[in-house]
Amino acid sequence: MADELKEIVARATMQDGRAQDIVIDSLREFAEMQTWRSATAEQCEEIAALLIPAHRNTFFFGTANWPGMKKTDRQVDSNGQLSLDKFSAICDSLLTPRNMYWHGLGFPKELMKNRKIRLWCEIAAHAMFKARYTDTANFASQNQMIFQGLGAYGTSGMFVDKLYSQGGKRGLRYKAIPLGELYIRENHQGRVDGFTRWFRLTADQAKKQFPESFPPQLQFALDQRSLTKFDFIHRVIPRQDWDPHSLSAKKMPYASYYICLTSHTLLSEGGYRTFPLPITRYTQAPGEVYGRSPAMQVLPSLKTLNAEKRVFLKQGHRASDPVLLTADDGLFDLSLRPGAMNKGGMSPEGKPLVGILPSGQIQI
């Protein structure tokens, strides 16, 4: 399999051997990550159908969704969805309240005895909050999505990136990565130290993000101004050849690779001084990388609520629009509108000639 993949990459690209090795290793790990996450993805699909229908059909690589398509056909009861909104609101108000400073900065205790150092920490923390809550940072709305994903799927990741602005404005940009796009890995201590994110871009978007390494295979779509989206992955892992004294990307402890899956080419190589995607997990089962959520714990009850709601709706329909019973030669033009008069619906003896099929009762 590795030899076949190497041959495909070599035929599709004209890049050097090191770039080809990075692409091959990234695609191999990405394929293995998909296999190990398949059971989690199936359960997330089931939860999404009941709690967040808009997330349906997004947890497996290669799935395509037409914008605006209807996905609520499997959701009957909304109690779970409303509870999830309460969960995310409570987490936000308790952990990251917007009307107060919910964390600070500090140094070892010996340094914090110095008043100037304490003052600097306070000023720096205020500057950090100001940068985080600007309109361009988009932290507040993305943070809600983080808590929503935590309550539904048990795992959420917030990508922290620098702001890309044509006006040259500097700052931070926060992006809550949907779990369907995110594949994570742990080190020997159970700490998330790497991830692979799958995403799609149009040719125009790819040209703006990778102007110097734009794949020739996408040039036709760019010329046609096509809105067709192509597959890309972003892989971040601890750098094995880390050199803090280097003047290249090797000085960064974490390596960053952007790869086009259409052309099998390495588009960008960079790095990060700190891990750029903080991961939060609700609870973890032994031997699992991804978290388990409150929704997973009550999934049987959520499915029962939906089943009961269907039964109640069916019984309500039968009660308000009952099944009528007539004789073989009975009325065929029976009118059920209010105030209607159905001649022949009663015998000369005063006995009704139309009956109602008994359907029982359900006490809610």
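A cavity, as I use the word here, is a set of grid points where a 1.4 Å probe fits but cannot get out. I note at the start that this is a predicted model.

**Entry 1: the cavity**

I looked for cavities of 30 Å³ or more and the count came to one. I put the volume of the largest cavity at about 40 Å³. Its lining includes Leu50, Leu51, Gln81, Leu302 and Asn306. I then asked which helices each supply at least two residues of that lining. They are H4 and helix H11, which spans 299–320.

**Entry 2: Gln75 and Leu51**

I turned to Gln75, which lies in the loop between helix H3 (38–50) and helix H4 (79–95). Is Gln75 buried or exposed? I found it buried, because its relative accessible area is 18% and the cut-off for buried is under 20%. Leaving aside neighbours within four places in sequence, I listed the contacts of Gln75 as Ala49, Leu50, Leu51, Pro53, Gln81 and Asn306. Gln75 and Leu51 are 24 residues apart along the chain, and I read 7.8 Å between their C-alpha atoms. With the same neighbours left aside, Leu51 is in contact with Gln75, Gly80, Gln81, Leu84, Ala152, Ala295 and Leu302.

**Entry 3: the nonpolar cores**

I next looked up the largest nonpolar core, which has 43 residues. Leu51 comes up again here: with Ile47, Tyr153 and Phe195, Leu51 is among those with the most contacts inside this core. Helix H2 (residues 17–36) gives the largest share of the core, six residues. Apart from this core I found another, of 14 residues, including Ala206, Ala221, Leu222 and Phe230. For background, I note that nonpolar side chains tend to be buried together in soluble globular proteins.

**Entry 4: the open sheet**

I traced an open sheet of three strands in the order S2-S1-S8, with antiparallel pairing. Strands S2 (172–177) and S8 (279–281) stand at the edges with a single partner strand each, so one side of each has no neighbour in the sheet. I noted an average twist of 20° from one strand to the next. Between strand S1 (residues 155–162) and S8 I counted three bridges. In this pairing Ser156 stands opposite Thr280. Helix H7 (residues 139–153) packs on the sheet and touches S1, S2 and S8. The direction of H7 makes about 155° with that of S1.

**Entry 5: strand S4 and its partners**

I followed strand S3 (residues 182–186) into S4; the two run antiparallel and are joined by five bridges. Arg185 stands opposite Gly194 in S4. S3 and S4 form a hairpin with five residues between them, and in the turn I found Gly190 with a positive phi of about 80°. S4 is also joined to strand S5 (residues 229–238), by eight bridges and again antiparallel. There I saw Arg197 opposite His234 in S5. How many of the eleven residues of S4 are buried? I counted ten, so to speak of S4 as mostly covered is fair.

**Entry 6: the largest pocket**

I last looked up the largest pocket, with a volume of about 1300 Å³. It is lined by 34 residues, and the closest to its centre are Asp161, Lys162, Tyr164, Gln209 and Tyr258. Several elements named above each supply at least two lining residues, among them S1, S2 and S4 (192–202). Helix H8 (203–209) and strand S6 (254–260) do so as well. Which strand gives the most to the lining? I found that S7 does, with five residues.

Key
Residues are numbered from 1 along each chain as its sequence is written. This is a predicted model: local features need pLDDT of at least 70, side-chain atom pairs count only at pLDDT 80 or more; totals for chains, interfaces and linings use all residues. Side-chain values use heavy atoms; hydrogens and water are left out. Two strands pair if DSSP finds at least two bridges between them. Helices (H or I, at least four residues) and strands (E, at least two) are DSSP runs, numbered from the N terminus. Axes are lines fitted to C-alpha atoms, for helices over the stretch in contact, and angles run from 0 to 180 degrees between N-to-C directions. Contact means heavy atoms within 4.5 Å. A nonpolar core is a set of buried Ala, Val, Leu, Ile, Met, Phe, Trp, Tyr and Cys residues joined through side-chain atoms within 4.5 Å. Buried means under 20% relative accessible area, exposed over 50%, partly exposed in between (1.4 Å probe, protein chains only). On a 1 Å grid over the protein atoms alone, a cavity is a set of points where a 1.4 Å probe fits but cannot get out, and a pocket is an open set with protein on both sides within 12 Å along at least five of seven lines; lining residues have an atom within 4 Å of a point. Grid points are joined across faces, edges and corners, and a volume is the space filled by probe spheres set on the points.
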